[in-house]
Amino acid sequence: MGFKRNDRGTQLSVQSLVPYKRFKSTKEKHFPDMANCRNGAAGTMKQKDGVGCEYLDIIVYDIYGLNTTNESQKLKFLEDNKFNVTFNQYCTKLSEIIAMRNNVIANRENYNFDIDGLVIKCATTDEKDLKRDRPEKQIAFKFELDIATTTLIDIDWRQSGKTFTPVAKVNAVNLCGTTVQNASLANLDRVIELQKTGLQIGCQVEVTKRGEIIPYVERVISKGKKDLIIPNTCTTCGAKLVKNGPFLECTNKDCHEVKVHQLMKWINKMDIMHLSRKTLDKLMAANKVNKIADFYNLTLNSVQGIEGIGQGFQRIIDEINRTRNPELAKFMAGFDIDGIGERVWKPIIDTLKLKSVSDIINLKATDLDNIPGIGPSRIAIIIKNVSEISKELIATEKVVGIKIPVKETKMTAGKLNGISFCFTGALESMKRPQAEAMVINAGGAIKSVSKGLTYLVTNDPFSGSAKNTKAQALGIKLIDEKTFLKMFYG
Ligand SMILES: [Zn+2]
């Protein structure tokens, strides 16, 4: 079986896990704070230094880029190539699917890892269906859940960024071997929905563990005594809270929690080590950091005098500098756009061959129509949010820079032999050192404005600057950034 020509190369979908036995035998040493295998795997995946990854296994459940639309053939290919593949069965009737599920449930305890259900896939890959946010030909068939009944004590509205998420505080109850005192109510809409069936302080609720991990309020069994109060002001900044879709949100863009959430998102996405929420709070209180670009201007001098920050801060500055010039998909994922992470950006950027923030800002909804996994709701979120933060995106790109995928340029090494460039003024899509590196990689030279220079690159040929005037007097060709990039990207 061959590989299909496409823009995205070949990709595997995998699940990482710590097998039960390994978890048990190494828990004390390697997973002391982890309650179960699932936490162990999730915690290890979050480690930024890779510690503990040798205790993880991966199971492959899909491959993209093979020249077949037959799901069984894909799995066979993976197995033949020694990948650890998820167990699977080809069924031709609904009754066979149900029998398989019953069989798996009966043997569930014998597996060496946790499972919470099966995925039923159509035997033939349907690319169009896969483009939906929720494909209809690949559906989860979850197992029934353990259920417990308990009393609602109160609702805790927890702020994370702009969103206030309702968490039910309930009388302690045992579920899947752990004591549950808090259970998710998902969002404001769900609370409103459950209020219709009697959700009140003191009411009886059914709680399950979704995916065996997150306690969740499934339904109200009997009414309580006191009506719930849904908060209407932000506990951090006092601004009005509004309902936005299913969510309750703070409307103040300058709300401290909203900013912290955005900045922490960047810190986590870029894997900036040692920079904790506590340190961030200090930097924000001292007005040293208000936006992402501010991180990249921090120096030991500039943070002098902030309590609790000393010479050791240099390692944080080093970490920050290490994250300059990220790939475009990572850069975009560092901005706190709802549900639009690196996995969403990557296929968009790869398929459309986007190179810079301005390419992203210029995207139209129709450009995104045919990207796998990007449905209409995601397209709407992307277009709206990118336009809202376009100025910040450009300003951040100027300071942080973006990695130029050199190998993807059409320019081969040596192609610019004997050709020289000089850059003047600001570039829009990158910083000057990156542009200079591109020239040098392709065999060109960087020169000052003098006789023999081939091109002066400027976005403002009429600025009347000394370089421009001199270049014109010497008959040197003036080109703008777009023309320069065309030499590389065609
Ligand atoms: Zn607020």
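Let me begin with a single pair of residues: alanine 148 stands opposite valine 207, which belongs to strand 8. That pair sits in a model that is predicted, and I would like to work outwards from it to the rest of the protein.

Strand 5, residues 147-160, and strand 8, residues 204-210, run antiparallel and are joined by 5 bridges. Strand 8 is also joined to strand 9, residues 214-222, this time by 7 bridges, and here too the strands run antiparallel. If you want one example from that second pairing, take glutamine 204, whose bridge partner in strand 9 is serine 222. For those of you new to strands, it helps to keep in mind that in a regular strand the side chains alternate between the two faces of the sheet.

Now let us step back to the whole chain. The protein has 18 helices and 15 strands, and its C-alpha trace spans about 85 × 60 × 45 Å along the principal axes. Of its 490 residues, 22% count as buried. If we take the contacts with a separation of 6 or more, 60% of them are made by residues 24 or more positions apart.

How is the protein divided into domains? There are domain 1 (11-18 + 56-142), domain 2 (147-249), domain 3 (256-322), domain 4 (328-400) and domain 5 (406-489). The C-alpha centres of domain 3 and domain 4 lie 25 Å apart, and the contact between these two takes 10 residues from domain 3 and 9 residues from domain 4. On the domain 3 side, helix 7 (256-269) and helix 9 each supply at least two residues, with helix 7 giving the most, namely 5 residues. Sorted by class, that side of domain 3 has 5 nonpolar, 2 polar and 3 charged residues.

While we are in domain 3, please find asparagine 287, in the loop between helix 8 (277-285) and helix 9 (292-295). Is asparagine 287 buried or exposed? It counts as exposed, because it has 8 C-beta neighbours inside 10 Å, and the limit for being exposed is 12 or fewer. Its C-alpha atom is separated by 10.0 Å from that of valine 303, which is 16 residues away along the chain.

Let me turn next to the interior. In soluble globular proteins, nonpolar side chains tend to be buried together. Here the largest nonpolar core has 38 residues, and Ile348 and Leu456 touch the most other members. Among the elements that each supply at least two residues of this core are helix 12 (342-352), helix 14 (376-388), strand 12 (420-424) and strand 14 (455-458). Domain 4 and domain 5 each provide at least three residues of the core. Another core, of 21 residues, lies apart from this one, and includes Phe164, Val180, Cys203 and Val217.

Leucine 456 deserves a second look, since leaving aside residues up to four places away in sequence, it touches Cys422, Thr424, Val449, Lys467, Ala471, Ile476 and Leu478.

Finally, there is an open sheet of 4 strands in the order 13-12-14-15, with parallel pairing. Strand 13 (445-446) and strand 15 (477-479) stand at the edges, and each has a single partner strand, so one side of each is left without a neighbour in the sheet. Strand 12 and strand 14 run parallel and are joined by 4 bridges, and phenylalanine 423 has valine 457 of strand 14 as its bridge partner.

Methods: Residues are numbered from 1 along each chain as its sequence is written. This is a predicted model: local features need pLDDT of at least 70, side-chain atom pairs count only at pLDDT 80 or more; totals for chains, interfaces and linings use all residues. A residue is buried if 20 or more other C-beta atoms lie within 10 Å of its own, exposed if 12 or fewer, and partly exposed in between; C-beta atoms are placed from the backbone. A nonpolar core is a set of buried Ala, Val, Leu, Ile, Met, Phe, Trp, Tyr and Cys residues joined through C-beta atoms within 7 Å. Domain bounds come from an automatic or database domain assignment. Two residues are in contact if their C-beta atoms, placed from the backbone, lie within 7 Å. Two strands pair if DSSP finds at least two bridges between them. Ala, Val, Leu, Ile, Met, Phe, Trp, Tyr, Cys and Pro count as nonpolar, Asp, Glu, Lys and Arg as charged, and the others, Gly among them, as polar.
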